[in-house]
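This briefing introduces selected features of one protein model. Please keep the sequence and the structure in view while reading.

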Amino acid sequence: MIVLGIESTCDETAAALVEDGRHLLSNVISTSVKEQALYGGVVPEIASRRHCEFISATVKKALLDAGKTMDDVDAVAVTFAPGLIGAVLVGVNFAKGLAYSAGKPLVPVHHIAGHIFANALITDLHFPLLALVVSGGHTELVYLKDENSFTVLGETQDDAIGEAFDKVARVMGLPYPGGPQIDKLAKEGHPVYALAKPKTENPMDFSFSGLKSSVLQFISRCERKNETFVPADLACSFQETALEALLQRVRYALDHVEGIRHFVAAGGVAANSRLRALISEEIAPRYPDIQFTIPPLSCCTDNAAMIAVAGTIAYQHGRRADLGISADAGLPLQ
């Protein structure tokens with residue numbers, strides 16, 4: 001079974017072909033990140049316009065790279081939620097037209113489900129499964145009893161962790177995207193500055209607004225007092241505090257949710273080198289009976305291969321969309 005996946009929720013226009021939910025035939029990404037960097041972040045209107053310009057050529061190249069035509073495709077899977085509404089609409093409308101003209105079923109995919117199932121490209125998934133989803137727009141702990149069941153155990157109450165990384169990087173004068181810049185700079189520093197530790201009522205929820213504000217107040221206080229600080233130490237202090245907040249909730253879930261067989265990381269922030277090291281070196285050894293999977297960097301950021309994999313699973317469970325489907329900017333996963 002060959003599924004064509006289409007992804008356009010933010011600033012990446014992506015298309016991919018996946019066979020039998022495991023074998024990657026092609027994976028093409030067109031990004032406007034360099035243009036977005038001129039403004040210090042994603043400008044939704046620019047992202048939507050670039051999707052309109054890139055999407056047809058991106059899908060054609062995905063088919064060409066795979067050596068396939070639409071006659072070989074069994075279904076078209078598209079991200080319909082959540083994301084920037086204008087950006088998602090471009091992908092949904094293109095997929096509707098393509099599926100209709102080619103006489104193929106259209107399969108709706110939730111973006112977060114795509115991130116989770118990106119791990120299926122590198123390993124078999126075992127259920128029940130716990131997923132830590134961390135990106136610029138999402139921070140969630142998701143429990144999957146099986147491949148067709150999603151329960152959100154915890155989510156951010158304010159900023160997503162990737163958003164907090166980008167905002168802290170901006171006030172520190174680092175270029176966009178800020179997450180990789182913080183990660184790189186933190187390697188040169190030490191966690192010597194005390195910053196506010198996130199606190200939430202639900203032990204599996206997240207909050208990063210207070211930590212972000214703590215960094216802003218620290219910089220303002222130094223400027224007010226004409227004091228200097230070491231940028232690498234501040235980046236390291238922020239990163240260590242943010243990642244410890246993540247992993248504290250992961251440990252709680254692994255300790256209190258019975259039967260978990262597999263843990264996976266997902267989303268753009270899963271590319272953070274320090275997070276990957278902490279999961280591998282400090283979390284995984286504590287739970288020898290649980291399989292831990294961290295996807296390769298190519299599977300962390302937005303791509304269409306993950307949508308094709310999630311689309312394959314959704315198709316097998318009977319999910320279909322008619323031509324009345326539209327984009328949903330904030331649809332919860334469960």
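**Salt bridges and a pocket**

Glu163 has a relative accessibility of 27% and therefore counts as partly exposed. The model is a predicted one. A search across the whole structure identifies eleven salt bridges, and the points below describe three of these pairs before turning to a pocket.

**The pair within helix H5**

- Glu163 forms a salt bridge with Lys167, and the closest N and O atoms of the pair are 2.8 Å apart.
- Both residues belong to helix H5, which covers residues 161-171. Because Lys167 and Glu163 are four residues apart in this helix, about one helical turn separates them.
- Lys167 has a relative accessible area of 25% and is partly exposed. Its partner, Glu163, is likewise partly exposed, at 27%.

**The pair Glu244 and Arg251**

- Glu244 forms a salt bridge with Arg251, with 2.5 Å between the closest N and O atoms.
- Is each partner buried or partly exposed? Glu244 is partly exposed, at 37% relative accessibility, whereas Arg251 is buried, with a relative accessible area of 17%.
- The value for Arg251 is 17%, and the cut-off for buried is under 20%, so this residue falls into the buried class.

**The pair Arg50 and Glu35**

- Arg50 forms a salt bridge with Glu35, and their closest N and O atoms lie 2.8 Å apart.
- This pair links distant parts of the chain, the two residues being 15 residues apart. Arg50 lies in helix H2 (residues 44-66), while Glu35 lies in helix H1 (residues 33-37).
- Glu35 is partly exposed, with a relative accessible area of 24%.

**A network of salt bridges**

- Which residues are joined into one network by salt bridges that share partners? They are Glu35, Arg50 and Glu53.

**The second largest pocket**

- The second largest pocket holds about 200 Å³ of space.
- Its lining consists of 16 residues. Those nearest the centre of the pocket are Pro108, His110, Ala113, Phe150 and Arg319.
- Three elements give two or more residues to this lining: strand E5 (106-110), helix H4 (111-117) and helix H11 (305-316).
- Sorted by class, the lining of the second largest pocket comprises twelve nonpolar residues, two polar residues and two charged residues.

Note on methods:
Residues are numbered from 1 along each chain as its sequence is written. This is a predicted model: local features need pLDDT of at least 70, side-chain atom pairs count only at pLDDT 80 or more; totals for chains, interfaces and linings use all residues. Side-chain values use heavy atoms; hydrogens and water are left out. On a 1 Å grid over the protein atoms alone, a cavity is a set of points where a 1.4 Å probe fits but cannot get out, and a pocket is an open set with protein on both sides within 12 Å along at least five of seven lines; lining residues have an atom within 4 Å of a point. Grid points are joined across faces, edges and corners, and a volume is the space filled by probe spheres set on the points. Ala, Val, Leu, Ile, Met, Phe, Trp, Tyr, Cys and Pro count as nonpolar, Asp, Glu, Lys and Arg as charged, and the others, Gly among them, as polar. A salt bridge is a side-chain nitrogen of Lys or Arg within 4 Å of a carboxyl oxygen of Asp or Glu. Buried means under 20% relative accessible area, exposed over 50%, partly exposed in between (1.4 Å probe, protein chains only).
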